[in-house]
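Hi everyone, thanks for coming. Today I'd like to walk you through the spaces inside one protein, and then look at how a few of its parts touch. Let's put it on the screen.

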Amino acid sequence: MCEGQVKNIMEYETVALDDEGSALVILDQTKLPGSAELLSLHTGEEIWDAIYLLKVRGAPAIGVAAAFGIYLLAKGIETEDYDTFYAAFCRHKEYLNSARPTAVNLSWALNRMEKVCTDNRTLPVAGIKEKLKAEAIALKEEDIRVCRAIGEHGLTLVKPGDGILTHCNAGQLATCRYGTATAPVYLGQERGYHFRVFADETRPLLQGARLTAYELYASGVDVTLICDNMSATVMRNGWVNAVFVGCDRVAANGDTANKIGTSVVAAVAQRYHVPVYVCAPTSTIDMNTLTGADITIEQRPAHEVTDMWYEKPMAPAGVKVFNPAFDVTDHDLIAGIVTEYGIARAPYTESLREIFEKKKQAVG
Ligand code: MRU
């Protein structure tokens, strides 16, 4: 356990609305694994900063944080007039949506919240605010169910004792429970599968070392931390039976944006005949984005590469730095996309459409 922490990290909620319904409470992920600190956020600027600075991060957690965030901002709009309310709502929505461009869950969650406004425009503004609160809470509960379902489907792809490699953190800390890429691991652990997990440290922000290794270790999973340049070695040694990764946006053809370095892992895995599975809630699949070439890749500041997490700068001052936060893994390197409605296989343009058809039938 880390400093000041009285409970296991798995008992903390990543994202929550406080009991009074007046603050967004997040576990500050930039402080992990050193200390477990909860932050109460109230203003648009605080929420925007928390998303941009990765205090709350991981596509599903960003979506849920944005849903609670826009509810709180909407609650603060003082008017009884729908048109005035809606115009202010849209301004707040646009602002939060600008925090990070690649994870589609951000705009997905905000669009869902906007639909609550437009569907209920005939209600008094106070009634719309109540509906927004209910929708944000529903979105969080849905995330937990979705992750568990992804875990069940993912578990069919591996067997007890298997070695699993993962990149970045698509764990419980990136969602409301279970994670996506880690969901098969957690469910397997409940059932005595004894997986051996290899967690890439994930340069430059070390989500694999700080978060994935931490949460798996705290859960009693057999986890081994490796540097990003070691994945070929562990695969060549025959220690990895499957790669499970998360995603920030899956295009209609299956091309997948995830944390920078994922495509390198996928290329190496192909060399060693290890299947790569992308664990993707349907909220992260964007059928309006046709291919990976259409995905906006977030560029982050140079100091994340040169200084952050180091005691001293680790690069010459002023050196040119290229710091894309995500890369695109081509769909032909992906053995399957694991959703809450089942596993999509190539050709993805068809199989992902079928997944959404299933979703439509299930939720109407
Ligand atoms: O920059 P981050 O830490 O938000 O990047 C997170 C990832 O790339 C995750 O793999 C992805 O969001 C899936 S989380 C279930």
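**Spaces inside and at the surface**

A search of the whole structure turns up two cavities of 30 Å³ or more. Please keep in mind that this is a predicted model.

Let's begin with the largest cavity, which holds about 190 Å³ of space. It is lined by 23 residues, and those closest to its centre are Arg-57, Gly-58, Ala-59, Asn-169 and Asp-248. Which elements help to build this lining? Helix H2 and strand E9, residues 256-259, each supply at least two residues. H2 gives the most, with three residues. If you sort the lining by class, you get 11 nonpolar, eight polar and four charged residues.

The second largest cavity has a volume of about 60 Å³. Its lining includes Leu-54, Arg-100, Pro-204 and Leu-205, and also Lys-259, Arg-300 and Glu-304. By class, that lining has five nonpolar, two polar and four charged residues.

Now for the pockets. The largest pocket has a volume of about 270 Å³. There are 18 residues in its lining, and Trp-108, Arg-112, Glu-142, Val-146 and Glu-340 lie nearest the centre. Four helices give two or more residues each to this lining: H2 (59-75), H4 (104-119), H5 (125-155) and H11 (348-363). Which of them gives the most? That is H5, with five residues. The classes here are eight nonpolar, four polar and six charged residues.

The second largest pocket contains about 160 Å³ of space. Among the residues that line it are Val-104, Trp-108, Asp-286, Phe-356 and Lys-359. You may recognise Trp-108, since it is also one of the residues nearest the centre of the largest pocket. The elements that give two or more residues to the lining of the second largest pocket are H4, strand E11 (285-286) and H11. Its residues divide into five nonpolar, three polar and two charged.

**Two helices in contact**

We have met H2 already, so let's see how it packs. At what angle do H2 and H3 pack? The angle is about 145°, and the two axes are 10 Å apart. H3 covers residues 82-97, and its crossing with H2 is right-handed. On the H2 side, the contact is made by Ala-66, Gly-69, Ile-70, Leu-73 and Ala-74. On the H3 side, the residues are Phe-85, Phe-89, His-92, Lys-93 and Leu-96. By class, this contact has seven nonpolar, two polar and one charged residues.

**A closer look at one glycine**

Let's finish with Gly-151, which sits in helix H5. That is the helix that gives the most residues to the lining of the largest pocket. Is Gly-151 buried or exposed? Its relative accessible area is 0%, so Gly-151 counts as buried. What does Gly-151 touch, leaving out residues up to four places away in sequence? The answer is Ala-183, Pro-184 and Leu-187. Here is one last pair to find on the screen: Gly-151 and Lys-360 are 209 residues apart in sequence and 21 Å apart in space, counted from C-alpha to C-alpha.

That's my tour. Thanks for listening, and please do ask questions!

Key
Residues are numbered from 1 along each chain as its sequence is written. This is a predicted model: local features need pLDDT of at least 70, side-chain atom pairs count only at pLDDT 80 or more; totals for chains, interfaces and linings use all residues. Side-chain values use heavy atoms; hydrogens and water are left out. On a 1 Å grid over the protein atoms alone, a cavity is a set of points where a 1.4 Å probe fits but cannot get out, and a pocket is an open set with protein on both sides within 12 Å along at least five of seven lines; lining residues have an atom within 4 Å of a point. Grid points are joined across faces, edges and corners, and a volume is the space filled by probe spheres set on the points. Ala, Val, Leu, Ile, Met, Phe, Trp, Tyr, Cys and Pro count as nonpolar, Asp, Glu, Lys and Arg as charged, and the others, Gly among them, as polar. Axes are lines fitted to C-alpha atoms, for helices over the stretch in contact, and angles run from 0 to 180 degrees between N-to-C directions. A crossing is left-handed if the near helix is turned anticlockwise from the far one by less than a right angle, and right-handed if clockwise. Contact means heavy atoms within 4.5 Å. Buried means under 20% relative accessible area, exposed over 50%, partly exposed in between (1.4 Å probe, protein chains only).
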